[in-house]
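Reader: I'd like a close look at one part of this model, namely how the strands sit side by side. Take your time, and carry on into whatever surrounds them.

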Amino acid sequence: MTGGGLLMNEKQRIVAIVGRPNVGKSAIFNRLAGKRIAIVHAQSGVTRDRLMREVTWQDERFELVDTGGLLGMDGDTRQDRMEVGVRAQVETALQDAAVAILTVDVIAGVTPMDVEVARELRRKGVPAVVAANKADVPERDAGALEFERLGFPVFAVSALHDRGFVPMMKAVIEPLPVVTNPTEAHPLKVAIVGRPNVGKSSYVNRVLRNERVIVTDVPGTTRDSIDVPFTVGRGEQARHYLLIDTAGMRKVGKIDSSVERFSHFRAMNSITRADVVVLVLDAEQGPSSQDKRIGAEIMEREKGCVVVVNKWDLEERTQRNYAPDVSRSMPFMAHCPLVFVSAKTGYNIRRSVEAIDHVAAQTQTTIPTGILNRTVLNAHQATHPPAVKGKRLRIFYVTQVGCAPIRIRFFVNDPRRVRAPYRAYLTRVLRENFGLEGAPVVLQFRARREQRRRKR
Ligand code: GDP
């Protein structure tokens with residue numbers, strides 16, 4: 001979880017869905033990605049469709065990419081455009097994907113387009129499986145055999161009826177690069193911050209009391225332990241954490257620790273050290289100006305963040321009703337997951353830890369270059385930035401250059417033409433398409449001459 005170490009061109013755990021229009025690529029995407037992490041977002045439109053989502057399939061994590069709507073070719077049946085589309089789609093998907101799911105229609109049988117997509121995949125040497133979709137009933141399974149001539153293992157599936165995914169996903173996951181549990185060597189550093197009395201200590205104690213949590217007692221750090229290492233789960237699935245600067249937080253029934261209460265310097269220091277920061281709010285009091293200041297500090301330090309609204313047992317309003325208020329008072333944190341908890345009753349404590357994991361994963365997102373460029377290009381075409389001094393901004397090429405924070409570099413004709421509203425628009429587009437909940441996103445603009453455009 002150390003920032004910045006992104007190796008571009010290295011095959012990631014990315015699975016791309018490709019195929020001709022109307023075979024059900026989006027349905028398959030939704031079927032696989034459907035189990036969305038249940039976190040309330042401060043933003044109003046809670047669930048959005050997007051191109052890329054982190055998927056956990058039987059404890060295997062990977063990024064799933066939907067190339068379908070991306071090229072605006074679904075539903076477009078003109079042959080010439082489709083052919084260009086197929087190539088572009090395959091190209092886009094395969095720049096970074098480790099495996100492709102070639103989706104076909106079992107009812108329609110093999111079409112020339114399917115053959116063409118398969119050929120492109122083979123040419124690029126990308127492992128693939130064929131999802132013979134729309135096999136809603138077992139009687140249709142036999143129709144899948146015909147697709148074996150595409151040269152990849154074929155699985156009869158039904159996105160609509162959730163059939164056939166288990167064996168197919170086994171074949172999809174098998175070729176994915178193995179990553180060692182990222183938290184084993186580098187525990188996820190979590191800082192808990194907030195005003196005095198919002199319940200930080202109570203929250204920490206609750207988290208550590210969970211039956212799946214094992215607090216690792218490191219010799220010499222027991223009583224006044226400042227950093228508390230702990231694990232959730234066992235064996236290979238165990239996730240390792242380090243709670244930063246919990247001094248004064250672990251003593252149950254502590255008396256007055258006003259000296260240890262919110263010390264600005266201390267809190268800022270722990271934010272700086274953390275991978276993910278949990279900002280604790282008091283449900284009854286709602287977001288105060290001090291909460292906003294702390295939130296701004298977290299954003300400024302480009303940290304992953306989860307907002308926890310504690311003392312939810314005392315609040316009578318519904319979460320749906322409450323969330324927009326938080327969003328309104330802290331709009332700059334609207335991308336952060338909001339979890340309502342009670343340190344007193346234990347309500348949602350586990351979910352808040354899931355949110356921490358989710359944000360940690362989001363800060364490590366790598367966006368495939370092809371898809372990134374397509375998305376930005378489409379967004380740029382949809383909304384041109386206003387001309388600055390009569391000149392327009394042109395975007396030539398976009399690439400991700402780092403994680404935690406997610407750094408996206410734009411090569412443009414003139415960086416001075418990028419104004420704040422357009423920057424905000426591009427950030428919004430990235431979040432809408434790639435999720436990145438709670439993850440800091442930094443956009444960099446670099447000048448590049450037009451003639452160098454083709455060189456990568
Ligand atoms: P800290 O200063 O942020 O560490 O806050 P504490 O953990 O010391 O909690 C401040 C007060 O709020 C204490 O009296 C706690 O018992 C109370 N408190 C903490 N969490 C909750 C909660 O979820 N519900 C209720 N009702 N009270 C809570």
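Author: Two strands pair if DSSP finds at least two bridges between them. Strands here are DSSP runs of E, at least two residues long, and helices are runs of H or I, at least four, with numbering from the N terminus. What you're looking at is a predicted model, in which local features need pLDDT of at least 70 and side-chain atom pairs count only at pLDDT 80 or more, while totals for chains, interfaces and linings use all residues. Residues are numbered from 1 along each chain as its sequence is written, and side-chain values use heavy atoms, with hydrogens and water left out.

Let's start with strand 1. Its partner on one side is strand 4 (residues 60-66), and the two run parallel, joined by four bridges. Within that pairing, Ile-14 has Glu-63 as its bridge partner. Strand 1 also pairs with strand 5, again in the parallel sense and again over four bridges. There you can find Ile-17 standing opposite Ile-101.

Now the surroundings of that strand. How many of the five residues of strand 1 are buried (under 20% relative accessible area, with exposed over 50% and partly exposed in between, using a 1.4 Å probe and protein chains only)? Five of the five are, so strand 1 is largely enclosed by the rest of the structure. In a regular strand, side chains alternate between the two faces of the sheet. You can follow both faces here: Ile-14, Ala-16 and Val-18 are buried on one side, and Val-15 and Ile-17 are buried on the other.

Step back and you get the whole sheet. It is open, has six strands in the order 3-4-1-5-6-7, and mixes its pairing. Strand 3 (52-57) and strand 7 (154-156) form the edges, each pairing on one side only. On average, neighbouring strands are turned by 30 degrees against each other, direction ignored; the axes behind such angles are lines fitted to C-alpha atoms, for helices over the stretch in contact, and angles run from 0 to 180 degrees between N-to-C directions.

Moving on from strand 5 (residues 99-105), you reach strand 6 (residues 128-133), which runs parallel to strand 5 and is joined to it by six bridges. Ala-100 faces Ala-128 in that pair. Lying across strand 1 (14-18), strand 5 and strand 6 is helix 3 (residues 112-124), at about 170 degrees to strand 5. Contact, by the way, means heavy atoms within 4.5 Å.

There's another open sheet to set beside this one. It has three strands in the order 15-16-17, also with mixed pairing. Strand 15 (395-402) and strand 17 (441-447) are its edges, each with pairing on one side only, and the twist from one strand to the next averages 25 degrees. Strand 15 and strand 16 (residues 406-412) are antiparallel, with six bridges between them, and Ile-395 stands opposite Val-412.

The loop between strand 15 and strand 16 holds Pro-405, and the peptide bond joining Ala-404 to Pro-405 is cis, with omega at about 5 degrees. Most residues other than glycine have a negative phi, and most peptide bonds are trans.

Two helices lie over this sheet. Helix 11 (residues 369-382) lies across strand 15 and strand 16, at about 135 degrees to strand 15. Helix 12 lies across strand 15, strand 16 and strand 17, at about 125 degrees to strand 17. If you want a residue to click on, try Thr-427 in helix 12 (residues 420-434): it touches Val-441 and Leu-443, leaving aside residues up to four places away in sequence.

Two asparagines are worth a glance if you check backbone torsions. Asn-197, in the loop between strand 8 (188-193) and helix 6, has a positive phi near 75 degrees, and it is exposed at 52% relative accessible area. Asn-348, in the loop between strand 14 (337-340) and helix 10, has a positive phi near 65 degrees, but it counts as buried at 15%.

For the wider frame, the chain has 12 helices and 17 strands, and 54% of its 456 residues are buried. Of the contacts between residues at least 6 apart in sequence, 73% join residues at least 24 apart.
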